[in-house]
Structure formats: C-alpha cells, structure tokens
Amino acid sequence: MKNEHDAIEAYQEMTYRSLKNIHKLKEPNYLKTWLIRILINICLDMKLKQSRLVLTNEIEQMI
C-alpha cells in the first residue's frame, strides 16, 4: 500500500474477515499462512479499486 491509512484499513479488514471465517480454517498449524493470504487478497482488491477510480476520474475530465 502506498500510504499508512490504506495499510491500516487493509489490516483492519484482514482482522474482520479472519474472525468472521475462522471456522473455515482447516489446519490450525497454517494460521499464519492463512492470515497472510487474506491480507494479500485484500491489498490486491484495494489496488484494483484504486485503479478503477483513477480511470473513472480521467474519463470524467475528458468529457
């Protein structure tokens, strides 16, 4: 993430999702890996949303 606010938001979302889906964790020994994978997916989602917003703003400016 490019700024602290986005990083904190991603971490909070990871905490929420992991607590919500802890029952889906099949192997407790892989908790750390599972949490990291959740965080990576959240960061990728956030980056995708940010790129969509930038594109939308460019289109609006062209009109």
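The largest pocket in this predicted model has a volume of about 160 Å³. Its lining is made by Asp6, Glu9, Glu13, Arg17, Ile42, Asp45, Met46 and Lys49, and the elements that contribute two or more residues to this lining are helix 1, which covers residues 4–20, and helix 2. Helix 2 itself comprises residues 31–62. In chemical character, the lining of the largest pocket divides into six charged residues, two nonpolar residues and no polar ones.

Among the charged residues of the lining are Glu13 and Arg17, which form a salt bridge in which the closest N and O atoms are 2.9 Å apart. Side chains of opposite charge can pair when their charged atoms come close. Both Glu13 and Arg17 lie in helix 1, where they are four residues apart, or about one turn of the helix. The count of salt bridges in the model comes to one. Because partly exposed covers the range between under 20% and over 50% relative accessible area, Glu13, at 29%, counts as partly exposed, and Arg17, also with a value of 29%, is placed in that class as well.

Across from these helix 1 residues in the list of lining residues stands Asp45, which belongs to helix 2. Asp45 is partly exposed, with a relative accessible area of 37%. The C-alpha atoms of Asp45 and Ala10 are separated by 9.7 Å, although these residues are 35 positions apart along the chain. A second pair of this kind is formed by Ile40 and Met14, which are 26 residues apart in sequence and 9.1 Å apart in space, C-alpha to C-alpha. The two pairs are set out below.

| Residue pair | Separation in sequence | C-alpha to C-alpha distance |
|---|---|---|
| Ile40 and Met14 | 26 residues | 9.1 Å |
| Asp45 and Ala10 | 35 residues | 9.7 Å |

Ile40 also takes part in a feature of the surface, where Ile36, Ile40 and Leu44 make a nonpolar patch of about 260 Å². Within this patch, Ile40 is placed in helix 2, and Leu44 likewise has its place in helix 2. Ile40 has a relative accessibility of 36% and therefore counts as partly exposed; this value also satisfies the requirement that residues of a patch have over 30% relative accessible area.

Taken together, helix 2 holds Asp45, a residue of the pocket lining, as well as Ile40, a member of the nonpolar surface patch, while helix 1 holds both partners of the salt bridge, Glu13 and Arg17.

How values were computed:
Residues numbered from 1 in each chain as written. Predicted model: local features only at pLDDT ≥ 70, side-chain atom pairs only at ≥ 80, totals over all residues. Heavy atoms only, no water. Patch = residues over 30% accessible without salt bridge, like charges linked within 9 Å, V, L, I, M, F, W, Y side chains within 5 Å. Areas by Shrake-Rupley, 256 points an atom, 1.4 Å probe, with all protein chains shown as cover. Salt bridge = Lys/Arg side-chain N within 4 Å of Asp/Glu carboxyl O. 1 Å grid on protein atoms, 1.4 Å probe; cavity = no way out; pocket = protein on both sides within 12 Å on 5 of 7 lines; lining within 4 Å. Points joined across faces, edges and corners; volume = space filled by probe spheres on them. Nonpolar A, V, L, I, M, F, W, Y, C, P; charged D, E, K, R; others polar. Buried < 20%, exposed > 50% of the residue type's maximum accessible area, 1.4 Å probe, protein only.
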